[in-house]
Structure formats: C-alpha cells, structure tokens
Amino acid sequence: MRKPKTRAALLAGLLLTASALAGVNPPTARAAADPVTVTVNTRAGLATVPDTALGVNHAIWDSNLGTSETSDLLRDAGVQMMRYPGGSYADIYHWKDHTAPGGYVAPGTDFDTFMAAVRRVGAQPMIIANYGTGTPAEAADWVRYANVTKGYDARYWTVGNENYGNGHYGSAWEADDHPDKSATQYARLVVEYADAMKAVDPSIKVGAVLTMQGNWPDGITAGSDPGPWNQTVLSIAGPKIDFVDVHWYPGGTAAESLARVNHLPDATYLLRQQLARYAGPNADRIGISFTELNVDAGRNTQPAALFLADVYSGLLENGVFTAHWWNVHNGMGTVTQVAGQTDYGDFGMLSSGACTEDGSVCQPPLNTPFAPYHGLSMMKLFAKTGDQFVRAGTDEPLVTAHAVRRSNGDLAVLLVNKDPDNDHPVTIDYAGFTPSAVAPTVSTLTNGATGIVTSQSGSATSRTLPAYSLTTLVLRPAGATAGRPAAPGQPTASGVTDRAATITWPASTPGASPIAKYEVHRQNGAVSEQLGETASTSFTVGNLVPGSRYTVNVLARDTAGRVSWASPPLTFATGSPAASTCTVRFTTANDWGNGYIGGVEIINNGSRPINGWTLTWTWPTAWQQVSSGWSATWEQVSTAVRVTPTTDNRQIAAGGTVSAGFVGAYGGPNVLPTAFTLNGTICATG
C-alpha cells in the first residue's frame, strides 16, 4: 500500500507501508549435514520468459531517476521494464505540468526524462494513468503525447494504483476525488479510460488494478458492489482490459516472507479462475503483472535478495509477464541488524546515500547496490528472454529450486538457500536432461557480498550451498540437441468431467526425422507421470481424481527417438460427478479477508434414508482450516476435514437434507474444495 506523503515524510524515509498477511510458521532447519535432494524435470514445461520479465519502479520524488549512473546500473542488472511515476503518487500526478499536489516532485523527473532513462536502459515503460485525481481525457492526452507526438511506443498503461485503498473498505491511503469510491465506480471508469486511451492509439495495452489472493481486501464485499473488488472490476471492465496489475508485500519476519513464496502457484491459479469466470469472452488473452514486490524484514540485506530471485522466478514460471521491485531509490527507514548485516529499512535496491535524522547512521554512498540489486542481477544470469521454465523442486523447505531450458540446449538451475545459519549440501537429479561432464558455470551471491562471484567449477550433480545464498548453475547437455522436433503448441482441454478430460494440441514441426508419436505427461511436483501416448494430436485421459487440479505437457518423439521440448503447460481441474446418490452444497459468506462463515448442505438423492453419515473433504492448501463449527462434530487432521452428525441429525430422509456450519480461516490464497465424499461415495455438488 502506498500513501502520498509530503517531502518531510519522504526525508523521514518511509513513503510506503505494507500490510502483513495472516501468519504461517517459518520452516525449521534440518542439520546441515543432511543432504537435500533437488529434482529438475525438463519434461515438465512451464511458462516462457518474456522480454518484459525483469522490472523495477521509478518514482518522481527520486532526483536520480534520470541520471546516467542510475540507468547504467539498471541496464547492467538486466532491467527490461520500468514503471512510472511511482506507486500512490500516480493518483496525484499530472503529467502535463509535472506536478503532484500534496507530494514532492524532484527536479529532473518529468516524463521525457523518464523515457530517456528507459531508452538508455534498453527497457520498456509501464505507465500509471492518474485515476484518483485525473480524468480519462488527461490519460488519453498522455497516450497521444507519448506515442503520437514523441513516438515513444509506450505499450503498457495501468489505470491507477492500489485504488481499493481509497477508503471503500475502511483503510484510506490512495487519493480518490470521486464521490463514489466503490469497486463498481472504479470499473466503470476503467472502461472510460480504456476507450479514451485506445481511441488515440488502439495498439496500447490497458491494465486494471486487482488485489492479491489471500491479502486484504481480497474476498470482502463493501457497499452496493455485487461482490469483492476483483469480481466486480472484472465483471464490468474485463472486456476492455488487456492485463491486470497486482501488488504483493507478504509481510512478517524474513523467514515468513521467504516461506510465503509458496503461495504463488495458488494465487496465480485463482487469478486465472477469476479472469475466466468474470472477465468475459477470451479472458485468457488478459495478462498478469506484479508491479510492486518487497519484504518487511531485511529490505536491503540478504532476505530481500533471496525473496526477489525466488518470487520473480515463481511468478514468471506461472506465466506472469512482468515482476517489479519496489523501488530503485527510496530512503532511510528503521536501522536494524539482519543476519550480521546492517539493514537500513530502505525499500530501494540502490542506496540513496541518506542518513538518519540525528546523523548517527548513514547509508553507503549514493547508488551503492543493496542486496536485492544483486538478486536482480542473478535473475539476469539465470532466466533470459525465450528460455522455458521447467519444473524443479526439493525435499527441504529451506532450499528452493527453479530451472530454465535454453534454445541452445543448455539448462540453468537457480538454488536458493533460505537458511541463515547453515550451509546445505545438495544432490541434483535430472529428468529428461543429461548434463555434460564439463564443469558447470557457477554464479553465487552470499550473505553480505558486494557482488556475484562466477567461476567454472564442481559437478552438475552435487555441491554445497552457503547459508543465505543464491547459486546459479549453467549446464551444457551431454549429447547433440540438433534435429529434435519442435515443441507441440499450447494444449487445451475439453470434455472435462470428474474422471476424464480430452487434451488437444497443435502439431509439432518435425526436425531431422518424422514425428512418431506424442506423449502426454502430468506434472506431479517435480516428477512427471506419463498419462499416455498417441500418434494423433488429441488424447482422452481417464481415471482422474474428482476435485483435483492437473497440469500436463505434451512432448513429441520422432522416429529416431529424439524428444522435443515440453509444450506450454495446461492446467485444468476435475469437478464432481454429474449425478450421485448425494449432493453437497458448499457455501461461503461474510468473508473478512482471512476467514468466512462456511456452510455445508447434504442432500440425500437416494430412495432410502441415510442412518448415520460421515462427510469428508481435503483442503487444496496447507493454510486453510476449520476454526470452529456447529450442528455437527468437526475434525481436521492436516488438510483432511471430517464432519459427523449430532444425535438429532443422524438421519437424512430420502430426498431430505441436513445442514451444518463452520468458521473457515485461511492464511494465503483461499482455493475452495470441489469434491466431497459422504459415507465413501463422491457426491455431486450444487
């Protein structure tokens, strides 16, 4: 969340605040001597790295926004997209006269100066149109100036910044002069902005602000809106927008922030579900951007570097088209010691050269890179435009892994040791890839280091990760990769039931030999399970589990045995049976952002009464639970829920129903269950 503040507040060093999520327990470190198993599976393809992947925020209060030194540092770190004019300031900023009433505008930060910096870096701009105190006409004039008058070819434009923080849900930090501050009004005006801006340049992409799954005010309905913020905005503005924009500050301790990166697959899955449900036809054309990311603890030290590399990788492998750090420069905060290093509480990745108000502590000289800058530089070495992320995993929560496969056949692996106290030896297993015996290129960022150290050393299959470190390995393949078939195209699913789905894909282009067959693989963590093979471009998968999420890839194999890269991933979910002897209606109401009132209604569709019953389901995530319940006995073990009757509702008459209620709680994205079992029978859902 970003509040416009005065220059005095800026100099105090805290322009930004972040809301904390409901807590999760930080992982417990094992003995360092216990080796960690890392699995890298090139058959399990994920998203391809776009040319907008690595982003940062620039702000009009930063007098170094346009300097050559700053731009060159960003270029050297691999920055591909730069956001302007800076968080909440966007909703008070007027580009024509370069003013932000109520805030501080530094000299040399106007739009043309920003664009000159963008060009020097070799990046693309993302521009925030003023929603809070601006108009659609003002935004359209900005598009005209940028792309017609100046020829800047600025493609990406977001309407406002964190506009759910305008007081509609109680908290107010975002400027909003509109009498109606509802999500409905924001959505209506997004339509007006998009129409006005695209009338000037139809080729631009317009984005709308959404909330992060499992973060305030996700799930909350206020005023006369038909639903929560995301649902309301997408239902009205969905057909007019090209992308959605989300911010994430996970909050908590360093360990908690680093652990919460595992929320990202479910968060992006839920966002895409919302797009598909509410945004109208062809909703899969709508991209997802995360344009503000940072932590509460260790902003300038190693936790931020680890978080940046882990969260950028997690977002990009799940198909987000850009991830942005908040901020390039920001200012002093509260000075602390984190893992033996001085942390200045500064949201910037480069030093502002500032001091505390009493002058007792000063930052290093202006533009000295902080740890997250080095984390971004590691991302440049790891994931390049056109690389395909592939599935990687470990058996240790304090060590995470990501991997990409490159067009020349190389494989790059990023290893994150989140343990501040212990080195961790790792063994690395590869599926679908055989590394060369040549020593890999190894890049390492250790705690307190002033840069990344790169060498060619060691083995592709084992090494020791220093405590609190980032390590990237770049491996050559053992054999020739020429002549293999091209990857099959994007698969789609049809006829999805509780037990089956038909997968269809565009044919692969042959390489040196004709295509012999296609293999359909399911991703099961970092392991692939082959579901079947076919000579055609369609395959029906059976024996699926009701209420389960599946991610599959298709690979082509030619007559010489060469195997293609994995296709782009396809994720789909099975539902419940169309008909059953029972039906369960699962409801939620009065969501307050990390909990809700839930209910289950059980309907006996059979011709005989049910005497005694047990209802079970499994939560899709580890951070969901039943806090309390009524009209039944409620039990939860791990993610499994078991509901049994009281003495007065043991019997369900033929055609009859019983109901029970509970208080549900969640500490991350709230993915609701879709399969329920009554006395061993999977029920339909209503």
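In strand 17, T454 is the bridge partner of S443. That contact belongs to an antiparallel pairing of strand 16 with strand 17, built on four bridges. The model is predicted. Three regions are covered here: the strands around strand 16, an open sheet of five strands, and the parallel strands around strand 5.

**Strand 16 and its partners**

- Strand 16 spans residues 441-445. Four of its five residues are buried, so the strand is mostly covered under the cut-off of 20% relative accessible area.
- Strand 17 covers residues 453-456 and runs antiparallel to strand 16.
- Strand 19, residues 469-475, also pairs with strand 16 in the antiparallel sense. Five bridges link strand 16 and strand 19.
- For a reference point in the pairing with strand 19, take T444: it stands opposite T471.

**The open five-strand sheet**

- What is the strand order in this open sheet? It reads 31-35-28-27-38, and the pairing is mixed.
- Strand 31 (624-630) and strand 38 (684-685) are the edge strands. Each has a single partner strand, so one side of each has no neighbour in the sheet.
- Strand 31 runs antiparallel to strand 35, which covers residues 657-666. Six bridges join strand 31 and strand 35.
- Within the pairing of these strands, S628 has V663 of strand 35 as its bridge partner.

**Strand 5 and its parallel neighbours**

- Strand 5 covers residues 156-159. Which way do its side chains point, and are they buried or exposed? Y156 and T158 point one way, W157 and V159 point the other way, and all are buried.
- Strand 4, residues 124-129, pairs with strand 5 in the parallel sense. Four bridges hold this pairing.
- Strand 6, residues 205-209, is also parallel to strand 5, again over four bridges.
- T158 is a useful landmark in strand 5. It stands opposite I128 in the pairing with strand 4, and opposite G207 of strand 6.

**Crossovers through helices**

- Helix 4, residues 136-149, forms a β-α-β unit with strand 4 and strand 5. This unit is right-handed.
- Helix 5, residues 183-200, forms a β-α-β unit with strand 5 and strand 6. That unit is right-handed too.
- Strand 5 therefore takes part in both units: with helix 4 and strand 4 in one, and with helix 5 and strand 6 in the other.

Terms used: Residues are numbered from 1 along each chain as its sequence is written. This is a predicted model: local features need pLDDT of at least 70, side-chain atom pairs count only at pLDDT 80 or more; totals for chains, interfaces and linings use all residues. Side-chain values use heavy atoms; hydrogens and water are left out. Buried means under 20% relative accessible area, exposed over 50%, partly exposed in between (1.4 Å probe, protein chains only). Helices (H or I, at least four residues) and strands (E, at least two) are DSSP runs, numbered from the N terminus. Two strands pair if DSSP finds at least two bridges between them.
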